[in-house]
Each structure stands twice: as structure tokens, then as C-alpha cells.
Amino acid sequence: MLYRNAHELVLDSVFLDLDGFIPQIDLKLKIEGLNPAGSIKIKAAVGLIEDAERKGLLEPGGRVIESSSGNLGIALSSVCAARGYTFICVADPNTSRQSIGLMEAFGADVVVVTERDANGGYLQTRIDYIHQRLAEDASLVWPNQYANPANPRAHYERTAAAIGRQGWDIDHLFVGAGTTGTLMGCTDYFREHSPRTRIVAVDSLGSVTFGGPAGKRHIPGLGTSRRPEIFRPGRVDEVVLIPEFEAVRMCRRLAAERGIALGGSTGSVLAAIERSSDHIAPGSLVVAIAPDIGDRYLDTIYDDVWVYERFGRLDSDPRTPQTDTTSTDRSEDQRERTTTALAVKG
């Protein structure tokens, strides 16, 4: 088939059979990392931009600003480049070098805020910066992925509908919660079309979305330090909070056992399925969503030194991690000593 724009090349029917990866569970993983811009966020980006166009907010040559720690920023950079808009992404220190480089390759201007917000994250700081820029320049358009119904609507119409088209009788659907756009869109769809399917939301420990205490997080994707406006409490059947080191360990296990490197959000979702397996009936069909691919995490969750500095050894008891809070700005000789220690201990 021939398409005019890269963001039309959405592959919404790609699933990886992970039967046996978690014992006694028939697990299907929806792979979103093969989409343009490398993630599920291409659908939200198109939905947000088209919503602004329909409302008359964006005209040819318009300028867009949005907050993102990675994937949506990349997706919006791609869509704006194809549609002739200027894009400013407000990111933070957890945004990977690869993600920033890719946004800049698409012509985006990336602004990195470094001050933590009241909950220890960067989300409110990013949003405060956007409000500041909007006050200075009324021509800027903020799609606002955290409050715009176009975000979950994109996943109702595309992501969830694509799962529904498989014709499976799904017992459990596990969905990661970041902005909660994917989660809310999938929840609405399955409540309407398959109400028996149990919806399980997966979030990072330290996220405040589901009312838990705020905590420091290192991996972009899941979790917030401020509850998104589009989130509706009580719509899901269960919530599982996963420490980031468990997500890292699961990502590495998947790469080693199945030959595919995926992002931290996928690791969290798979870890949540493993944690929940005791009360999932044997033979149940479980579908999970893998939002992106692992190449933009090579300097983080797939880097031994980065992982050791933050989480210690991943083969320790998962409930008593050996956490190292040393600054990431350690000297080269310190990094060398850490690498040597890993080699000796491993």
C-alpha cells in the first residue's frame, strides 16, 4: 500500500505470542514499537494534532508546544514535521539522549527543565514552563495530552479496536498508565464491547496517579507526579504498582529469552502480570500492550552501570533491592570501578 505521510503507517495488528513466558498463562503482547516514531504515541499525536486542526487552533505554519519525557514528544515531532508545524517539546532529565536526538532530527526545539516539582518529579515543572511560554506568546498551541479527550479517543478508536478485531475472548487486559490516555481509551472500549474482560492498570511505584505516595523515578513512560485530568478513578478493576528495578529485570529477561528488547513500560506490565499470576486462572488469555521498542533505552535500562548505580544487583530479593543513590555524575574512574565490581560479582 502507498501512503502520503509516515504517521499513516500504523501497524495495529502486530502481536507477539508469549505463551509460557509466565507459567500457565496464554500471553499475547501487542507490539507498538514498530509504528512510525517508534511507539504507540503516534496515534495520540495524530489525534491531538487533528483535534487542534478541527477546532481551528492550528493553521499552516502553526507552532505547537507540549510536555513529554520521550515518546509523545518524538511522535509529535514527526507529525508536526510532516504537516508543516513548528514543535517545541518540554522534556526533563529522565528523557534519554536518543529521544532528544530523534526529536531534534525531526526539527523540534527541545527544552529540558531541571527543577523538580513538589512531588519530586518534573511534570508540574514542565507544565508550568508551558504556561509561561503561552503567556508570552499567544500563537503557541498546547494540545495538552493530560486533559484532552482526543488522547483517550485515539486509543479507543485504534489501539483497543485493533485488539477487539482479533476476535479473542480476553480474560485480562494489562495496560500501563502514564498520561492514562491508552488506559482510559482501552477501558472505555472494553467496557462497551467486552465487559467480562478484567482491566488491570499498571503504574510505577512512586507515581501519584492512583493515590500512592510520590517517589523518585528514573524511567520515562509510566507514572506521574501529578494526576492527569483525563484519568477517571474507578474505571479499572485492579491496579498493580511496580518498582522500577522489577521493570528493568523483566526487560532484560525478555531480551535474553525471547530476543526482543522493549521499553521500561513493557517491563512494568510484564512484571505486573507475573505478580498477579497467582490469582489468574490457569490457561487464561491475557493481553498486554508494549508501548515502544528498547533501542532508546540502551543507555539506561540495558546499561549495566546505569542500572547498578540506581538499583544495585538485579538478582537480589525483589523486595529488598540494593539501592545505590550515588549521583549519575560520577567520575570516569568511579564508573570503571563499578564496571569492575559488576564483572567480579557477576
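**Close-up views of a predicted model**

N144 is buried in this predicted model, with a relative accessible area of 16%, which falls below the 20% under which a residue counts as buried.

**View 1. N144, a residue with positive phi in the loop after β6.** N144 is found in the loop that runs between β6 and α5, the latter spanning residues 150–164. Although N144 is not a glycine, its phi is positive, at about 60 degrees. Most residues other than glycine have a negative phi. The strand that precedes this loop, β6 (140–141), is also an edge strand of the open sheet shown in View 3.

**View 2. T180, a second non-glycine residue with positive phi.** T180 lies in the loop between β7, residues 172–176, and α6, residues 181–193. The phi of T180 is positive at about 75 degrees, although T180 is not a glycine. With a relative accessibility of 1%, T180 counts as buried.

**View 3. The open sheet of four strands.** The strands of this open sheet follow the order β5-β4-β3-β6, and their pairing is parallel. The edges are formed by β5 (109–112) and β6 (140–141), each of which pairs on one side only. Strand β3, made of residues 63–67, is joined to β6 by two bridges, and these two strands run parallel. Within this part of the sheet, R63 stands opposite L140 of β6. Strands of a sheet pair through backbone hydrogen bonds, in either a parallel or an antiparallel manner.

**View 4. Helix α2 across the open sheet.** Helix α2, which comprises residues 71–83, lies across β3 and β4, the latter being residues 86–91. The helix runs at about 175 degrees to β4.

**View 5. Strand β2 and its two partners.** Five of the six residues of strand β2 (residues 26–31) are buried, so this strand is largely enclosed by the rest of the structure. Strand β1, residues 15–17, is joined to β2 by three bridges, and the two run antiparallel. Strand β10, residues 285–290, is joined to β2 by six bridges, and here the two strands run parallel. K28 can be followed to both partners, since D17 stands opposite K28 in β2, while V287 is the bridge partner of K28 in β10.

**View 6. The annotated span, residues 26–292.** An unreviewed UniProt entry carries the annotation "domain: Tryptophan synthase beta chain-like PALP" for residues 26–292. In the model this span is 40% helix and 17% strand, and the C-alpha atoms at its two ends lie 21 Å apart.

**View 7. The whole protein, for orientation.** The protein has 10 helices and 10 strands. Its radius of gyration is 20 Å, close to the 20 Å that the globule rule gives for 346 residues, so the protein is as compact as a globular protein of that length. Taken along the principal axes, the box filled by the C-alpha atoms is roughly 60 × 55 × 40 Å. Of the 346 residues, 56% count as buried, and the protein exposes about 14700 Å², of which carbon and sulfur atoms supply 49%. Among contacts between residues at least 6 apart in sequence, 70% join residues that are at least 24 apart.

Conventions:
Residues numbered from 1 in each chain as written. Predicted model: local features only at pLDDT ≥ 70, side-chain atom pairs only at ≥ 80, totals over all residues. Heavy atoms only, no water. UniProt positions renumbered as here; feature names shortened; annotations may be inferred. Pairing = 2+ DSSP bridges. Contact = heavy atoms within 4.5 Å. Axes fitted to C-alpha atoms, helices over the stretch in contact; angles between N-to-C directions. Rg over C-alpha atoms; globule rule 2.2 N^0.38 Å. Buried < 20%, exposed > 50% of the residue type's maximum accessible area, 1.4 Å probe, protein only. Areas by Shrake-Rupley, 256 points an atom, 1.4 Å probe, with all protein chains shown as cover.
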